[in-house]
Amino acid sequence: MSETEDVITRFWATAEARDWAGFAATLAEDVVYTMPQTRERVRGRDAYVRFNAEYPGDWHLTVQRLVAAGDEAATWLDFRVGNERMVGITFFRLDADGLTSEVTDAWPEPYQPPANRAHLAERY
């Protein structure tokens, strides 16, 4: 496992465990978290840890896929809050110290495929 894969694996494992000190240890002090869909940005380790610690509901996540190259990584998450299930796609960049310096989250909404593609694709 590469250093980047290790850091991102610990990032998600500590988030799922609500181990906020461990989570903070994966982050650069000046980490920047961006959510393009809502146009929100959170700056700094303390604010980002608090953002996650205060996220409402009994949420849980499972990493479906982690891809890393150099100092960048991407994950595909199965994210659940109660009975609601979401897909999360997150992009990461690590700094020179091997800490997470940039996090960008995308939360695509599921939708029904257009009927004119039914002959081209199978549903799963």
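The legends below describe several close-up views of a predicted model.

**View 1. Trp12 and its surroundings in helix α1.**
Trp12 belongs to helix α1, which spans residues 3-16, and because its relative accessibility is 10%, under the 20% limit, this residue counts as buried. Once residues up to four places away in sequence are set aside, Trp12 touches Leu61, Val63, Thr75, Leu77, Thr90 and Phe92. With one of these residues, Thr75, the side chain of Trp12 also makes a polar contact of 3.2 Å. Ala24 follows 12 residues away in sequence, and its C-alpha lies 11 Å from the C-alpha of Trp12.

**View 2. Aromatic pairs and the ring cluster.**
Across the whole structure, a search finds 13 aromatic pairs. In one of them, Phe11 and Trp12 meet edge-to-face, with 4.8 Å from centre to centre and 90 degrees between the planes, and both of these residues are buried. In the pair of Tyr33 and Tyr48, the ring centres are 4.7 Å apart and the planes stand at 35 degrees, so this pair is tilted. Because Tyr33 lies in strand β1 and Tyr48 in helix α3 (residues 45-53), the pair ties together parts that are 15 residues apart in sequence. Tyr33 and Tyr48 are both buried. Ring pairs also link a cluster, whose members are Phe11, Trp12, Trp20, Phe23, Tyr33, Tyr48, Phe51, Tyr55, Trp59, Phe79, Phe92 and Trp107.

**View 3. The largest nonpolar core and the place of Tyr48.**
The largest nonpolar core has 23 residues, and those with the most contacts inside this core are Phe11, Trp12 and Tyr48. At least two residues of this core come from each of α1, α2, β1, α3, β3 (59-69), β4 (72-81) and β5 (84-94), and the element that gives the most is α1, with five residues. For Tyr48, leaving aside neighbours within four places in sequence, the residues in contact are Phe11, Phe23, Leu27, Val31, Tyr33, Val42 and Val103.

**View 4. Thr14 and its polar contacts.**
Like Trp12, which lies in helix α1, Thr14 is found in this helix, and because its relative accessibility is 12%, Thr14 counts as buried. A polar atom of the Thr14 side chain lies 2.7 Å from the backbone oxygen of Arg10, while the side chain of Thr14 also reaches the backbone nitrogen of Phe23 at 3.4 Å. When neighbours within four places in sequence are left aside, Thr14 is in contact with Asp19, Gly22 and Phe23.

**View 5. Two arginines with positive phi values, Arg18 and Arg39.**
Arg18 is found in the loop between α1 and α2 (20-24), where its phi is near 60 degrees, a positive value in a residue other than glycine. The charged end of Arg18 sits over the ring of Trp59, 3.6 Å from the ring centre. Because its relative accessibility is 28%, Arg18 counts as partly exposed. Arg39 lies in another part of the chain, the loop between β1 (27-35) and β2 (40-43), and its phi is near 55 degrees, again a positive value in a residue other than glycine. With a relative accessibility of 78%, Arg39 counts as exposed.

Methods. Residues are numbered from 1 along each chain as its sequence is written. This is a predicted model: local features need pLDDT of at least 70, side-chain atom pairs count only at pLDDT 80 or more; totals for chains, interfaces and linings use all residues. Side-chain values use heavy atoms; hydrogens and water are left out. Helices (H or I, at least four residues) and strands (E, at least two) are DSSP runs, numbered from the N terminus. Buried means under 20% relative accessible area, exposed over 50%, partly exposed in between (1.4 Å probe, protein chains only). Contact means heavy atoms within 4.5 Å. A polar contact is a pair of N or O atoms within 3.5 Å; within protein, one must be able to donate a hydrogen and the other to accept it, and residues adjacent in sequence count only if both atoms are side-chain atoms. Rings of Phe, Tyr and Trp (its six-membered ring) pair if their centres lie within 6.5 Å; planes under 30 degrees apart count as stacked, over 60 as edge-to-face and the rest as tilted. A charge sits over a ring if NZ of Lys or CZ of Arg is within 6 Å of the ring centre and within 35 degrees of the ring normal. A nonpolar core is a set of buried Ala, Val, Leu, Ile, Met, Phe, Trp, Tyr and Cys residues joined through side-chain atoms within 4.5 Å.
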